[in-house]
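New to this one? Have a look at the chain below, and then we can walk through it piece by piece.

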Amino acid sequence: MSAVPVPFDDTIVAIATASGEAGLAVLRVSGPQALLVSQACFKGRSRLAEATSHTLHHGWAVWPEAATAAAAARLDEVVAAVFRAPRSYTREDVVEFSCHGGSVPARRVLAALLAAGARLARPGEFTLRAFLAGRIDLSQAEAVADLIHAETDAAGDLALAQLAGSLSVRIAALEEHLTECVAEVEARVDFAEDVGGVEVPPHVVAAIEAVRADLAGLLEGSEYARALREGVRVTLAGRPNAGKSSLFNALLGELRAIVTEVPGTTRDRVSERLELDGVRVQLSDTAGMRETNDRVERIGVQRAQAAMDEAGLVLWVVDGSTPLAREDHEFHQSHAGRRALWVLNKRDLGSIALRELQEWSPPPPWVEVSAQTGAGIERLRHAVIEQLGGVAHGQRGQVSNPRHAEALGRAGRLLSQASVAATSNAPGEIVALELREALAALGEVTGTHVGEELLDRIFSRFCIGK
């Protein structure tokens, strides 16, 4: 499916603001009959059907059959904003009614607009129409939902940059270069005698490699960008009495978990949210990992294991003043290749465990802290960000959507195959095929190559009214 203007023969309406008590509520009407439908429910000095674009009109929302009556039944006092096509969010005629907040006024005005002939919009349908009309591409449309769901400033900034077209511009440049490569390869296939043979010339191979390198650069920091977009679960785990609860409290900056000198105090998962360099972190303190005959503690250990399995990052907490135990070695073996950071606590009491860790080949990533004194806590925060793929307060990457990352990664692999084929004197048709598939993968991000099923899946996560 291409992002080309698509005519719609129906007019849609929805409440565009969140429900509940507020100063204002906004209803959005869009479609070929938006002005007529809105006029049927509006009584004021101006006629909306004749209004110029980007103008505001004060009046009353009324039932459609009473709109021209001398004593119309008033529903609410409103201000109607008129946006004529194509200078609107959807590139259709759009009217937005601002009425009083709360559920009653908005619901009554919505009922009147539906009675006048509008249809209730589906989730994300306004943005879908904007995409299909070519006002925004698919990555920008997805950024709208990301901006709405953002819970940190960093996540909001990332979505806003994508909405402004930062990703779209870079992909458009890559598509242009690839299109030129395809054109030259296919020309050599079709007109071999005129261009001097079917071999892919070195300058085309260099151009393919340049695009592949640009794609790799675009994907740098994508894991961290995804963490900014979606948040991440971080689980504190380790043996009893390693200081997990003290560390949990130190990271939060408040006394949230119960701390005693008795091993096994924590029996259940305790979770709180915090923000680390713009990343929304769901931090969990868990029961100490050990064999036990206590039925309640055993359930806590099972829940701790489940929390580690669900986590995007495990902080394995060790009493750094004592030698490593069997549970520490078992964790090291079971989590080989998985994202984990060793936290050597109680550094104020000694560094025995560190000397053992340094003898491993290779040693796992680690940081020394003291939850008691606060030493190393800021370094731990930075280490967490590094483990998530970022550099604290540094470049955060542009590709945060896993769908985009998969498509761009696939395009890069196809370009590698095209480059190998070209340098191996494979038929030009093979090289052209790989390049065209890479172009299609890029088009999945911007929406130039996308099916209805994918569109339905993407826009179903939008709220109604957006």
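Before we start, one term: a residue counts as buried when its relative accessible area is under 20%, and as exposed when that area is over 50%. Keep in mind, too, that this is a predicted model.

## A helix tucked inside

Let's begin with helix α10, which covers residues 244–252. Seven of its nine residues are buried, so the helix is largely enclosed by the rest of the structure. If you want to pick them out, the buried ones are K244, S245, L247, F248, N249, L251 and L252.

What covers those buried residues of α10? The cover includes the strands β8 (232–238), β9 (270–276), β10 (279–285), β11 (313–319) and β12 (340–345), along with helix α14 (377–387). Right after α10 comes G253, and its phi is positive, near 80 degrees.

F248 deserves a stop of its own. This residue sits in helix α10, and because its relative accessible area is 0%, F248 is buried. To get a feel for distances, compare F248 with V82: their C-alpha atoms are 53 Å apart, and 166 residues separate the two along the chain.

## A sheet of seven strands

Now for a sheet. Strands of a sheet pair through backbone hydrogen bonds, and they can do so in parallel or antiparallel fashion. The one to look at here is open, has seven strands and mixes its pairing, with the order β3-β4-β5-β6-β2-β1-β7. At the edges you'll find β3 (42–44) and β7 (119–120), each of which pairs on one side only.

Inside that order sits strand β2, residues 24–30. Six of its seven residues are buried, so β2 is largely enclosed by the rest of the structure. One partner of β2 is β6 (residues 94–100): the two are antiparallel and share seven bridges, and L24 stands opposite H100 in β6. Another partner is β1 (residues 12–15), also antiparallel to β2, this time over four bridges.

Which residues does V13 pair with? In β2, its bridge partner is V29, and in β7 its bridge partner is L120. That second pairing, β1 with β7, is parallel and uses two bridges.

## A hairpin beside the helix

Remember β9 and β10 from the cover of α10? These two strands are antiparallel to each other, with seven bridges between them, and V270 has D285 in β10 as its bridge partner. They make a hairpin with two residues in between, and D277 in the turn has a positive phi of about 50 degrees.

## Loops with something to show

Where are the cis peptide bonds? One joins A85 and P86, with omega about 0 degrees; P86 belongs to the loop between β5 (74–83) and β6. Another runs from S361 to P362, with omega near -10 degrees, and P362 is in the loop between α13 (352–357) and β13 (366–368).

Some loop residues other than glycine have a positive phi. K346 is one of them, with phi near 65 degrees, and you'll find K346 between β12 and α13. N425 is another, with phi near 60 degrees; N425 lies in the loop between α15 (402–423) and α16 (428–446). Is N425 buried or exposed? Its relative accessible area is 63%, so N425 is exposed.

G221, in the loop between α8 (202–219) and α9 (222–230), falls in between: with a relative accessible area of 27%, G221 is partly exposed. Its C-alpha atom is 25 Å from that of E437, which is 216 residues away along the chain.

## Stepping back to the whole chain

How many helices and strands are there in the protein chain? There are 17 helices and 13 strands. The C-alpha trace spans about 85 × 75 × 35 Å along its principal axes. The radius of gyration is 29 Å, whereas a compact globule of 466 residues would have one near 23 Å.

Across the 466 residues, 50% count as buried. The chain exposes about 22000 Å², and carbon and sulfur atoms supply 52% of that. Take the contacts between residues at least 6 apart in sequence: 67% of them join residues at least 24 apart. As for charge, there are 47 positive and 61 negative ones, and their mean positions are 8 Å apart.

Note on methods
Residues numbered from 1 in each chain as written. Predicted model: local features only at pLDDT ≥ 70, side-chain atom pairs only at ≥ 80, totals over all residues. Heavy atoms only, no water. Rg over C-alpha atoms; globule rule 2.2 N^0.38 Å. Buried < 20%, exposed > 50% of the residue type's maximum accessible area, 1.4 Å probe, protein only. Contact = heavy atoms within 4.5 Å. Areas by Shrake-Rupley, 256 points an atom, 1.4 Å probe, with all protein chains shown as cover. Lys, Arg positive; Asp, Glu negative; His and termini not counted. Charge placed at Lys NZ, Arg CZ, Asp CG, Glu CD. Pairing = 2+ DSSP bridges.
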